[in-house]
Structures are given as C-alpha cells and as structure tokens.
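Visitor: I'm new to protein structures and would like to learn how to read one. Could you walk me through it?

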Amino acid sequence: MVVSVRSWVANEGGKHFVLILWLGVNTWLFISSFLLYFTGQEYHYLYKMLGLGLCISRASASVLNLNCSLVLLPMCRSLVTFVRGTRTISSRKTRRLLDKCKTFHVACGVAICIFSVMHVSAHLVNVVRFSVRYSDDFPALNLARYRGEDPMLIILTTIPGVTGVLLVLILFLMFISSSYCVRMSNYEIFWYTHNLFIVFYVILMMHMVGGALKYQTNVEAHPPGCFRANQSSTEQQGDELDTSEEEERRCSEDAHFQPHYPQTWLWVSGPLCLYCVERFYRYIQSRDPVTIVTVIRHPCDVVELRMLKKNFKARPGQYILLNCPGVSSFENHPFTLTMCPTENKETLGIHLRVVGDWTERFTQLLLPEPRIDMEILPMAQQRRYPKVYVDGPFGGPSEEVFNYDVSLCVAGGIGVTPFACVLRALLDGWMGFRLQRLYFVWVCKELQSFYWFAELLCALHHKLWNENRPDYFNVKLYISQPDSLQILRTPPTRGRCFTDREKLQRSLKCSCWHITLRAQPQHVFQTVPLKACLRRSTAHSHQGCRLVGPGGSYFLMKLENPTNINVLVFSAAHRRASPGLSTDCATHLNTVEQHSNSTKSRSAD
Amino acid sequence: MGKIEWAMWANEQALASGLILLTGGIVGVAGQFRGWQFAAYAVAAGVFVCLLEYPRSKRAKGTSVERTGQYCFTVCVKAFGPLTRNYYVRAFLHAAICVPGGFMLATVLGCVCLGIASLIYLAAAIRGEHWEPILPRKEIRKPVGESIKNPPQNPPPRPPPEMRRKQAGDLEKSAYDNPMSVTDDE
C-alpha cells in the first residue's frame with residue numbers, strides 16, 4: 001500500500017526539508033570556498049605551490065566551521081524545552097522538528113568526521129608539497145624551513161600541526177565511543193569521552209594561530225603571474241610573450257603575504273557561549289537538593305520515588321536528570337516523570353527500573369536491607385535518604401499527546417512512564433484538551449508489571465465511565481512471555497486458587513480488560529486502533545499523522561488515510577539512553593519479542 | 001565506573017584503527033611517497049588487525065550483538081586458543097604492530113590510534129577480561145511430556161454437591177480448587 005504524497009509531506013516533509021536545507025548550506029559553503037582558493041588572485045602563488053590540496057582543505061575547513069557550531073545547538077536542552085513550550089511556535093509541525101534534535105546532532109557529528117578526514121588528508125598532502133615544492137622566489141610563503149624538510153617534523157613543530165593531531169585524536173575517541181554498541185553496553189565510556197568536547201573546542205580555537213596559509217595582500221600592485229626584471233622564475237609562461245605584454249605585466253613591487261585572520265572563533269564562540277550559559281543555568285537550577293517524600297517498591301524491580309522541589313514546574317511527558325553524589329558524582333541519569341506537580345499536589349514522582357549498577361546502588365541507598373542484628377526501630381527514624389539533585393525538566397515528543405484528536409500510545413515495559421503522567425493529567429481534568437480519544441497499548445514481559453499503574457488505569461477508566469465518556473480511553477494489555485506465568489502461586493488456603501491473571505484482573509476490578517498473551521507485533525498493530533482510527537479519521541480533511549519510534553514505516557503502510565493521529569511508541573530498551581527522545585528507538589516491540597521464546601523474530605520494518 | 005567492559009570499547013577502537021592504518025597504507029603505496037615500504041607493511045598490518053578484531057567478544061553480562069557475518073571469523077580466531085583469548089597478548093601485539101607505522105606520514109594516524117586501542121586492551125586485561133566467542137546457541141527442545149499422548153479419560157474431580165449449589169449467591173465462595181493446570185490459549 002503506498003502512502004499518499006500529501007500525508008507523507010505532512011508527516012515527513014518537515015524534517016526532510018531541514019535536511020535538504022542543511023545539505024544545501026554545506027554544499028554552498030564547500031563550493032564557494034573551493035572556488036575562492038581555486039580562482040582567487042590572492043591565492044595564486046599558494047595554489048601554484050600546493051595544488052588542489054589547498055582548495056579541498058580550505059573548503060572542508062569552512063564546512064567544519066559551520067558544523068562545529070551547529071552541533072552544539074541541539075544539545076542546549078533547556079533552550080529546546082523552552083522553545084517547545086512557548087506558544088510562539090504554535091504549529092505542531094514545527095514542534096515535531098524539535099523531536100529530531102538528537103538526529104540533527106548526530107548528522108552534524110558525522111559530517112564533522114567525514115570532513116575532518118577530508119581536511120586531514122588534504123593537509124597531509126599540503127605538508128608534503130610544502131616540503132617538496134619549497135619556493136625560493138617567495139620565501140614568506142613557505143611553511144617548511146628548507147627544501148625537503150621531513151613533513152613529520154613540519155607537523156610536529158608548528159601550532160596548526162600539533163593542534164591538528166590532538167584534534168584528530170580527540171575526535172577519533174569521541175566518534176568511536178559514540179557508536180551504538182558502546183553506548184548501549186557501557187554508557188559511561190560514551191559520556192565521559194563525549195565530554196572531551198570542551199577540550200576539542202579550546203584546541204580548535206587555537207588551531208589557526210600561527211598562520212600556515214598566507215594570502216597575498218598587494219594584488220593590484222603585484223598581479224600574480226607578472227614578471228620581475230631580474231628574475232628567471234620557472235613559474236612564468238615562457239619565452240613566447242611579446243615585449244609589449246612584458247611591459248604591461250611588469251610588477252611594481254614584490255608580493256607581500258599575510259596569514260589569515262583566524263575565523264573559527266567567529267563561528268564557534270556563539271553557540272559555545274550559549275551552551276556554557278545554559279549549563280550554568282542548569283547548574284544553578286539544580287543546586288538545591290530535593291526532599292524525598294516516599295520510596296515505594298513495586299514488583300519486577302521497579303522503585304517509585306516521590307520528591308518535593310521548590311519552584312518546579314513540569315508538563316506531562318517531560319523527563320528529569322537525576323544526580324546522586326552518594327552513588328556517583330558525575331553521572332546524570334534521565335528518568336521520565338510519572339507524576340508532575342499540580343496545584344493540589346506538589347510532589348514529583350519517577351518510576352525507575354533497577355537494571356544497571358547505578359540504579360542498583362541508588363536503590364540500596366534508598367531502601368537499605370534491614371539488618372537482622374539491629375534493633376527494630378521505626379523505619380522513619382532509621383532511614384536517611386541520600387542527597388539527590390534534579391536537573392530539568394526537559395521535554396520530549398510525548399508532550400504532544402494532547403494536541404491531536406486521536407492518540408495511540410504504545411508502550412513496552414517501563415516505557416510506559418511518559419504515559420503515566422499523561423493519564424494522571426487526564427484524571428485531573430480531561431475536558432480541556434483537544435484530545436478526543438486515547439488508545440493505550442501496553443506490552444510487558446511479565447504479568448506483575450501491570451501492577452505498577454493498575455490503580456491509575458482503573459481510576460481513569462472509572463472516572464470516564466462515570467462521566468459518560470466510555471470511548472475516550474481504550475486500553476489493551478499484552479504479555480509477551482506467558483510461560484513465566486505461575487499457575488499455582490499461592491497455596492490453596494480456603495480451597496481457592498486463582499491464576500496470576502485472574503488475580504490481576506480482580507485487583508483491576510475490571511474484567512472487561514482482556515489481557516492478551518503472546519503478543520506479536522503485527523497482531524498488536526492490526527487489532528486495536530487502526531480500524532477505529534480509520535473510521536474516525538474519514539471525517540477530517542487535514543493530515544497530521546505522527547509516528548514516533550520504529551516500525552513507523554510499517555505502521556504507516558497500514559493506515560490508509562492517516563489524519564490527525566498521533567502515535568507514540570516507547571520501548572523498554574531505550575529507557576536509559578534517551579527517554580524523552582524516543583524518536584530514535586531502534587527496537588520497539590521486537591525487543592520484547594526477542595526476550596520471549598520465539599526463535600523467529602519478524603521485524604516489523 | 002565500576003562495571004565497564006573495556007574490551008568492547010577497545011575492540012571498536014582497534015577495528016577503526018585497523019581501517020585507518022589500511023587506508024593510510026594504501027595512500028602511501030599509491031602515491032609512492034618516501035618510505036613507501038612502511039606503507040606496504042601498514043596495508044598488511046591493517047588487514048591483519050581488522051581480521052583479528054572483527055569478531056566481537058561475548059559480553060560478561062547482557063546481550064551480545066554480533067557483527068554481520070562474523071561467525072567464520074569467530075571460528076578462525078577461536079582456533080588460536082589462549083593467544084587470542086588473553087587480552088595481554090592482544091595489547092602487546094597491537095603495540096608492536098603500530099610502531100612501524102609511525103615512521104611514515106600517511107600511516108602515523110593509524111599508528112597512534114592503534115596505540116590508544118592497545119592501552120585500552122591493557123586496561124581490560126588488568127581487570128581480568130578475556131575474549132569469549134559468540135557461538136550460536138544450541139536449541140534444547142523441551143521434552144514433550146508423556147501426558148500429551150494420553151489425554152485424560154475422566155473429567156476433573158468436582159467438589160461435593162453442597163458447594164456447587166451456592167453458585168448463584170456468592171461468586172467468591174463458589175470458586176473451587178482446580179488441581180489440573182488450566183492454561184490459557186489464544
């Protein structure tokens with residue numbers, strides 16, 4: 001099934017437009033710099049010495065300047081959150097572009113790497129040529145001290161050479177450690193090496209000091225290629241010239257050369273200052289430690305943490321960065337807020353799943369194991385919570401749930417946390433939003449996971465039923481590992497034994513919710529909301545289908561006429577990496593499916 | 001920083017350094033620069049490092065994702081036994097390989113990058129890591145229980161009639177023990 005052009009333009013057009021614009025600017029910069037050095041009169045002698053290597057290296061340098069300045073902008077998280085929240089950007093399509101911040105950062109980073117390779121190769125050739133084509137006519141132009149100087153010596157004894165080598169090494173470290181597998185397995189390596197960018201920028205600003213490449217300042221007085229009376233230069237045309245031409249092209253003075261004024265700091269200092277200001281602002285905001293109010297342990301290794309912080313405002317779907325110096329001084333871990341402060345209740349809450357060493361240590365500090373030999377004191381006196389600092393809140397695509405008529409929210413495992421906040425906001429008041437219908441699909445590995453938000457789901461369901469909007473909130477729950485269900489869990493005490501599922505259904509007090517086992521991704525996408533979305537969507541004319549997450553192309557194929565439908569997919573696999581920026585989830589339900597026993601995993605792409 | 005597996009990062013670095021060394025060597029040989037013999041050596045060394053580093057090791061904790069088509073490389077590398085298992089050997093091997101690359105301009109970058117990778121391998125070796133091959137898991141089929149061949153002849157036992165009569169009144173109390181497991185099938 002082919003997606004219609006109109007809907008593609010509405011959904012994907014914005015980011016492709018930005019991509020093409022960015023590529024266009026890069027291409028224009030490259031070509032204009034290349035031509036400047038290829039045909040510019042003031043670079044004539046330099047070009048004669050160095051050849052194409054000069055043009056390529058300078059052209060890639062200007063592209064590098066642009067990308068080094070652009071790469072910092074998407075990382076100003078507070079700025080992006082602010083832009084997302086203001087009413088000045090009222091168009092949904094523009095706000096959707098902000099979801100792609102991290103992708104833009106990665107694109108700029110990759111461009112930096114590619115053009116660095118080009119720049120370094122061209123400059124290596126230049127260095128060899130500086131050495132081989134040492135110019136006796138214009139000694140000021142030379143970088144080498146004598147003809148045939150070892151190029152390695154030239155590199156290691158000039159400032160641009162040494163800084164260049166250091167820059168390449170840092171860039172290499174940063175690039176390799178930001179590959180997918182290193183990020184997924186050892187996030188700290190990625191984080192600590194990526195913070196070398198400060199060193200990178202400082203060295204970058206010193207890279208042009210020393211002036212290796214010079215331009216000619218007196219082009220009018222000494223047109224390049226003109227004759228000198230007492231000089232037999234091998235660069236001139238030859239003997240075929242007439243004397244009249246010789247008269248015209250006589251030089252009035254010698255060529256003067258001057259090194260370039262370093263331009264890099266002009267490009268880079270603006271975004272760097274902006275980034276530093278933003279980090280400082282975030283540091284000031286997060287200086288007060290939060291007060292931990294409650295710590296609740298949930299099944300399946302999930303701990304809920306409720307805190308209080310002064311002057312903290314958040315919208316549903318935003319996330320915070322948690323820093324606990326008792327565990328690690330430098331690590332900030334992102335967690336989506338499951339409870340935002342409202343007028344009635346000021347607590348903010350997160351649900352964190354204990355997976356890695358930071359969360360394990362943090363949970364141990366929060367809920368210490370009771371020691372048997374200590375006296376049984378009331379827990380309130382004994383417990384000393386660790387100091388926790390909160391940075392944020394930062395925004396994500398899940399803030400947009402309320403701005404569409406129909407929203408389909410698909411969550412895998414702990415990926416449900418953004419939607420928990422959304423559901424709480426609906427519980428407080430569902431009538432003020434544009435949202436008319438919410439489909440909620442939640443896939444978990446184990447049945448006990450549903451206990452995390454069982455009361456919330458129930459409360460919302462009952463409220464909407466009582467207020468005569470039963471169609472507003474539609475829930476579908478799926479389990480992907482039914483073999484882990486324990487059938488006889490509690491010993492039969494009064495001759496009664498329920499399966500886990502029945503117990504959950506009883507606690508949910510809604511037997512109308514069918515819990516499906518052995519979820520297959522296609523099954524999930526086919527059953528629930530598609531047909532309902534389609535039926536509803538025929539009434540609307542303009543199209544705004546937004547697909548966040550992988551399998552988007554598959555899903556888009558199934559929607560014949562996507563209008564005003566917002567689909568958000570969060571999976572458990574990417575909770576650590578970027579909870580608020582789920583647009584780059586590489587696996588969705590496939591992750592959950594892979595953990596199950598099925599050996600064949602069909603990709604939904 | 002406690003539980004980082006340095007070997008995975010070192011592996012990525014070493015693979016990239018091998019590629020850089022190879023590229024630098026090709027450029028050096030093609031341009032016939034001074035000292036092109038070092039470039040020829042760098043080509044061979046780059047290929048060797050890439051082949052050695054292509055198969056990823058199995059992670060101690062967590063899922064290991066293997067590179068495409070790495071199975072045959074895994075078998076070859078595994079055949080060398082303790083030489084490739086031990087990361088000390090790899091660290092010193094990479095340090096030794098990278099030294100000749102430093103004598104020529106085109107390959108000096110590959111030399112430095114491989115040197116960094118060798119340092120990280122040394123760190124991994126000090127922490128006691130070693131290389132484990134990722135081999136495909138043999139599927140163990142669960143033996144099918146005998147009961148599948150003999151379906152039950154009798155219906156499951158039911159409680160005495162006085163419990164059954166209370167069904168209309170109280171849903172809670174009318175639940176009864178079901179000794180046979182009831183699985184849900186979709």
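Guide: Let's take a few features in turn. Keep in mind that this is a predicted model.

Visitor: Let's start with the record. Which residues of chain A does UniProt list under "transmembrane region"?

Guide: The UniProt entry, which is unreviewed, gives 16-39, 59-83, 104-132, 152-177 and 189-209 of chain A. You can then check such a span against the model. Residues 104-132 of chain A are 100% helix and 0% strand, with the end C-alpha atoms 42 Å apart. For residues 152-177 of chain A, you get 96% helix, 0% strand and 28 Å between the end C-alpha atoms.

Visitor: Now aromatic rings. How do I describe a pair of them?

Guide: You give the distance between the ring centres and the angle between the planes. Over all chains, the count here is 27 aromatic pairs. Take Trp22(A) and Phe104(A): their centres are 6.2 Å apart and their planes make 70 degrees, an edge-to-face pair.

Visitor: Which parts of chain A does that pair tie together?

Guide: Trp22(A) sits in helix α1 (residues 5-39) and Phe104(A) in helix α6 (residues 101-132) of chain A, so the pair links parts that are 82 residues apart in sequence.

Visitor: Are those two rings' residues buried or exposed?

Guide: Buried means under 20% relative accessible area and exposed means over 50%, with partly exposed in between. Trp22(A) has 12%, so it's buried. Phe104(A) has 24%, so that residue is partly exposed.

Visitor: Which residues form an aromatic cluster?

Guide: One cluster is made up of Phe419(A), Phe440(A), Trp442(A), Phe450(A), Trp452(A), Phe453(A) and Phe473(A).

Visitor: On to sheets. In what order do the strands of the open sheet lie?

Guide: Go across the sheet strand by strand, rather than along the sequence. In chain A, you'd read β3-β4-β7-β6-β5-β8, six strands with antiparallel pairing. The edges are β3 (291-298) and β8 (389-394) of chain A; each has a single partner strand, so one side of each has no neighbour in the sheet. From one strand to the next, the twist averages 35 degrees.

Visitor: Can we zoom in on one pairing?

Guide: Sure. Strands β6 (residues 333-339) and β7 (residues 347-353) of chain A pair in the antiparallel sense over two bridges. Met339(A), for instance, has Gly349(A) in β7(A) as its bridge partner.

Visitor: Which helix packs on the sheet and touches β6 and β7 of chain A?

Guide: That's α16 (residues 417-428) of chain A, whose direction makes about 25 degrees with that of β6(A). Helix α14 (residues 357-366) of chain A lies across β3, β4 (302-308), β5 (319-323), β6 and β7 of chain A, at about 125 degrees to β7(A).

Visitor: What about loops? Where does Gly432(A) lie?

Guide: Look between α16 and β10 (437-444) of chain A: Gly432(A) is in that loop. Its relative accessibility is 74%, so Gly432(A) counts as exposed. You can also compare sequence with space: Gly432(A) and Lys214(A) are 218 residues apart along the chain, and 65 Å apart C-alpha to C-alpha.

Visitor: And how many helices and strands does chain B have?

Guide: Chain B has seven helices and zero strands. Of its 186 residues, 35% count as buried. For chain B contacts with a separation of 6 or more, 72% join residues 24 or more positions apart. The accessible surface of chain B is about 11,800 Å², and 65% of that belongs to carbon and sulfur atoms.

Definitions and conventions: Residues numbered from 1 in each chain as written. Chains lettered and ligands numbered in written order. Predicted model: local features only at pLDDT ≥ 70, side-chain atom pairs only at ≥ 80, totals over all residues. Heavy atoms only, no water. UniProt positions renumbered as here; feature names shortened; annotations may be inferred. Helix = DSSP H or I, 4+ residues; strand = E, 2+ residues; numbered from the N terminus. Pairing = 2+ DSSP bridges. Axes fitted to C-alpha atoms, helices over the stretch in contact; angles between N-to-C directions. Contact = heavy atoms within 4.5 Å. Buried < 20%, exposed > 50% of the residue type's maximum accessible area, 1.4 Å probe, protein only. Areas by Shrake-Rupley, 256 points an atom, 1.4 Å probe, with all protein chains shown as cover. Phe/Tyr/Trp six-rings, centres within 6.5 Å; stacked < 30°, edge-to-face > 60°.
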